[in-house]
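Pull up the model and keep the sequence beside it. We'll walk through it starting from one short helix and working outwards.

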Amino acid sequence: MFKKKLAAVVTVAALTMMSVCTAFGAESPTTDTNASTSSDVSVVYDESASTVTGDNGTVALLKVDENAITALDASGKVVGGFTLHVKNITAEQYKGIKPVVGGKDVAQADIYAVDNATGEVITLSSITLTFTNTPITTKAVVGHTMASGTNETKTGTYSNGSTTVTLTGLSPILVVDDVTATAVTTGTTSGVNTSTTSPKTGETAAALAVGIIALAGAVVCVRKLAFR
């Protein structure tokens, strides 16, 4: 009879401790949306002075960070080995893009890529660029004319004087300061890291205290049984 009582007390104590112990789950996989930058890429400026007159006077030519360019081909593969040519847009190109983006003119450029090996202009499905001379007070908006002839508008990520945006191919570009937008969102200029780690299930001091009390109670019960 004593052995049965002892086994029952030990079982209750074990179950009590299990109920307050923390369940430790494995950490969630880390998600990193930062793509590798294209290698062996250079930037050439075909014109040194802008002749485009916007609503705030002459619109500056974009300055591109050649160390922060990520270009993708039609299959979504990162490609490199090309030269990015940057030149001023024409007055007609400006007139085509400006009504779409509105805002306050910041900088502009007509951009195309030339393969370093063949010397031919290459087609890219998308390209992520960082413009280093785009001071924004509210929100960066980038408008560009796609190969189809239609205009596309993108919201750029602005931080510390630079604007980063991913475009569908290369084309004439106009960056504006969207003065009707809310406050600027700051962050890294080369991408947004969304790496996340699941928090561990909470292990509280209260749970540990309950476990200790339960264990102590079980010990007392065992001692009483031993003296019967």
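Keep in mind that this is a predicted model. Start just past the end of helix α2, at Gly102, whose phi is positive, at about 60°.

Now back up into the helix itself. α2 spans residues 91–101, and its buried residues are Tyr94, Ile97, Lys98 and Val101. These four cover an arc of only 110° around the axis, which puts them on the same side of α2. The spacing has a simple background: an α-helix has 3.6 residues a turn, so residues three or four places apart point the same way. Turn the helix over and you'll find Glu92, Lys95 and Pro99, which are exposed, on the face turned away from the buried side.

What does the buried side of α2 pack against? Its buried residues pack against β2 (53–54), β8 (104–115), β11 (140–145), β12 (151–155) and β15 (172–177).

Next, the interior. The largest nonpolar core has 27 residues, and the ones that touch the most other members are Val64, Ile69, Leu84, Ile127, Leu129, Phe131 and Ile173. Two or more residues each come from β1 (41–45), β7 (82–87), β8, β10 (126–131), β11, β14 (162–167) and β15. β8 is the top contributor to this core, with 5 residues.

Ile173 is a good place to click. Leaving aside residues up to four places away in sequence, Ile173 touches a list that includes Phe131, Ala107, Ile111, Val142 and Leu167. Ile97 from the buried side of α2 and Ile89 are also among the contacts of Ile173. Both Ile89 and Ile97 belong to another core, of 9 residues, that lies apart from the largest one and also includes Val52 and Val59.

Now for the strands. One open sheet has 5 strands in the order β6-β5-β10-β14-β13, with antiparallel pairing. Its edges are β6 (78–79) and β13 (157–159), each of which pairs on one side only. At the β6 end, β5 (residues 70–72) and β6 are joined by 2 bridges in the antiparallel sense. To find one of the contacts by eye, look for Ala71, whose bridge partner in β6 is Val79. As a reminder, strands of a sheet pair through backbone hydrogen bonds, either parallel or antiparallel.

Last stop: the rings. How many aromatic pairs does the structure hold? The count is 0. There is a charge over a ring, though: the charged end of Lys63 sits over the ring of Tyr45, 4.5 Å from its centre.

Terms used:
Residues are numbered from 1 along each chain as its sequence is written. This is a predicted model: local features need pLDDT of at least 70, side-chain atom pairs count only at pLDDT 80 or more; totals for chains, interfaces and linings use all residues. Side-chain values use heavy atoms; hydrogens and water are left out. Buried means under 20% relative accessible area, exposed over 50%, partly exposed in between (1.4 Å probe, protein chains only). The arc is that of the directions from the helix axis to the C-beta atoms. Contact means heavy atoms within 4.5 Å. A nonpolar core is a set of buried Ala, Val, Leu, Ile, Met, Phe, Trp, Tyr and Cys residues joined through side-chain atoms within 4.5 Å. Two strands pair if DSSP finds at least two bridges between them. Rings of Phe, Tyr and Trp (its six-membered ring) pair if their centres lie within 6.5 Å; planes under 30 degrees apart count as stacked, over 60 as edge-to-face and the rest as tilted. A charge sits over a ring if NZ of Lys or CZ of Arg is within 6 Å of the ring centre and within 35 degrees of the ring normal.
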